Each structure stands twice: as structure tokens, then as C-alpha cells.
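Here's a quick tour for anyone meeting this structure for the first time. Have a look at it before reading on.

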Amino acid sequence: MLVEEVMKTNVFTLKENDSIQSAIYLIENNQIRHIPIVDEQNRCIGIVSDRDIRSAVPSIFSKGNDSGIFDKPIRLIMTKDVITVHPLDFLEEVAAYFYKYQIGCLPVVQNGKLIGIITETDVLFTFVKLTGADQPGSFVEIRMSNKPGNLSKVLEIFNSFRVNIESVHLYPDKKEQDKKIIVFRLNTINPLPIIEKLKAEKYEVLWPNFPGMTYEK
């Protein structure tokens with residue numbers, strides 16, 4: 001999936017000389033957490049978050065007259081070295097950026113211009129939809145040898161029960177490098193007959209693993 005399929009294109013922006021108070025107004029009235037800062041050519045030159053604002057504005061317990069901070073330009077608190085993504089970047093790469101840099105959003109830039117924004121919440125929601133975790137169904141997790149044809153044999157078993165597969169995820173087995181862990185999201189609330197069939201075919205089912213159920217290896 002590409003960034004352009006997930007990003008928001010209705011982006012609230014400010015200029016670097018706009019006041020901190022204007023950023024507070026945008027955040028509070030539009031329920032957003034990040035504001036890209038653009039120049040006259042709509043190039044992203046910075047970004048400010050609700051965290052930046054909380055760090056800058058005076059506490060209700062502070063002494064003295066600090067109210068002038070609200071009139072100061074947003075450039076004083078914005079992050080200038082902005083990490084951006086392209087609309088044709090893959091969502092998996094974007095998720096890695098969020099994890100690596102511990103950031104909450106990424107401006108989307110094309111031909112040097114800001115065209116959208118994508119947040120960590122957007123990415124999380126998309127992965128929930130991709131896995132089908134928000135729909136009724138069952139997860140089945142299998143450990144199998146990383147050999148050609150193994151996956152197709154499992155799919156044949158699912159097909160014999162006329163069960164739709166909502167999603168498939170494959171990842172390396174940390175314990176056995178020559179094997180893979182495959183997680184299926186099935187459109188059924190009763191996977192037990194399928195599990196028994198997998199067991200009979202000598203597949204190692206890791207989940208579901210109910211009390212009293214054992215699986216041959």
C-alpha cells in the first residue's frame with residue numbers, strides 16, 4: 001500500500017512568522033497534533049507539534065508575566081530538519097520511519113511542495129484494516145519449513161473448508177532459521193475443524209492453542 005492511499009490532503013498549515021497563539025488555536029479547534037510550517041511556495045520548512053507548544057508556553061504555576069510568548073513567531077519553536085515522504089513511498093517504509101525516529105507524523109512532499117500529511121495513527125489504523133483485526137474472524141498461526149509449495153498446500157486445506165482468508169502475514173522464526181511463522185486471518189469464528197485437519201497433515205499450529213489441545217511436531 002502506498003502513502004497516497006492513506007495520507008490526509010486537507011492539511012492545516014502556518015507560516016513561520018505566524019504566532020504561537022495561532023498554532024494553539026489550530027490544534028485546539030481542529031483536534032490535530034501537528035502543523036507543517038510552509039513558505040510562500042508551499043514548501044515544508046518546519047513542523048510544530050502540540051508537544052512543542054506545551055514546552056514553550058508558560059505554566060499556570062509560573063511566576064511573572066510570560067503572556068508575551070503567545071505572540072512570538074512559530075519559527076522559534078518549530079522543528080526545522082523535517083523528515084518527509086513521497087506519496088509513492090510504501091507504507092511499510094513509513095512505519096519504519098516512525099519506529100526509527102520516534103516521530104508522530106510525516107509531511108508528504110511531491111516536487112518540493114507539501115501535498116499531504118500522514119500520522120502514526122493513520123498507519124496503525126491502516127494495519128488494523130489490513131490484518132482484518134476489526135472484523136469478526138479467527139487467527140491461525142503456523143510454523144512451517146521455508147520450502148517452495150508449503151504455503152500453497154495450507155491454502156488448499158483452507159479452501160477445502162470454503163473459508164475466506166482475510167489476510168496473510170509471514171515473518172522469520174526466531175527459534176529456527178529454516179522455518180517461517182505464518183499468521184492467517186480467517187473469516188470464520190470456529191477454526192477448530194481446520195486446526196484438526198492441519199494437525200492431521202502434520203503442521204505445527206502455534207495458535208490457537210487451547211487448554212487440553214496438543215499439536216504434533
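Let's start with helix α1: on the face turned away from its buried side sit the exposed residues Y25 and E28. Keep in mind that this is a predicted model. Now for the other side of the helix, which spans residues 20-30 and has I20, A23, I24, L26 and I27 buried. These buried residues cover an arc of only 160 degrees around the axis, so they end up on the same side of α1.

What do the buried residues of α1 pack against? Their partners are β1, β2 and α2, listed here with their residue ranges.

| Element packed against by the buried residues of α1 | Residues |
|---|---|
| β1 | 34-38 |
| β2 | 44-49 |
| α2 | 50-56 |

Right after α1 comes Q31, and its phi is positive, near 50 degrees.

Next up is a sheet. It's an open one with 4 strands, in the order β6-β7-β5-β8, and the pairing is antiparallel. The edges belong to β6 (165-172) and β8 (204-207); each has a single partner strand, so one side of each is left without a neighbour in the sheet. On average, neighbouring strands of this sheet are turned by 25 degrees against each other, direction ignored.

Zooming in on one pair, β6 and β7 (residues 179-186) run antiparallel and are joined by 7 bridges. Within this pairing, H169 stands opposite V183 in β7. A helix packs on the sheet too: α5 (residues 150-160) touches β5 (138-145), β6 and β7. The direction of α5 makes about 25 degrees with that of β7.

Terms used
Residues numbered from 1 in each chain as written. Predicted model: local features only at pLDDT ≥ 70, side-chain atom pairs only at ≥ 80, totals over all residues. Heavy atoms only, no water. Pairing = 2+ DSSP bridges. Helix = DSSP H or I, 4+ residues; strand = E, 2+ residues; numbered from the N terminus. Axes fitted to C-alpha atoms, helices over the stretch in contact; angles between N-to-C directions. Contact = heavy atoms within 4.5 Å. Buried < 20%, exposed > 50% of the residue type's maximum accessible area, 1.4 Å probe, protein only. Arc of directions from axis to C-beta.
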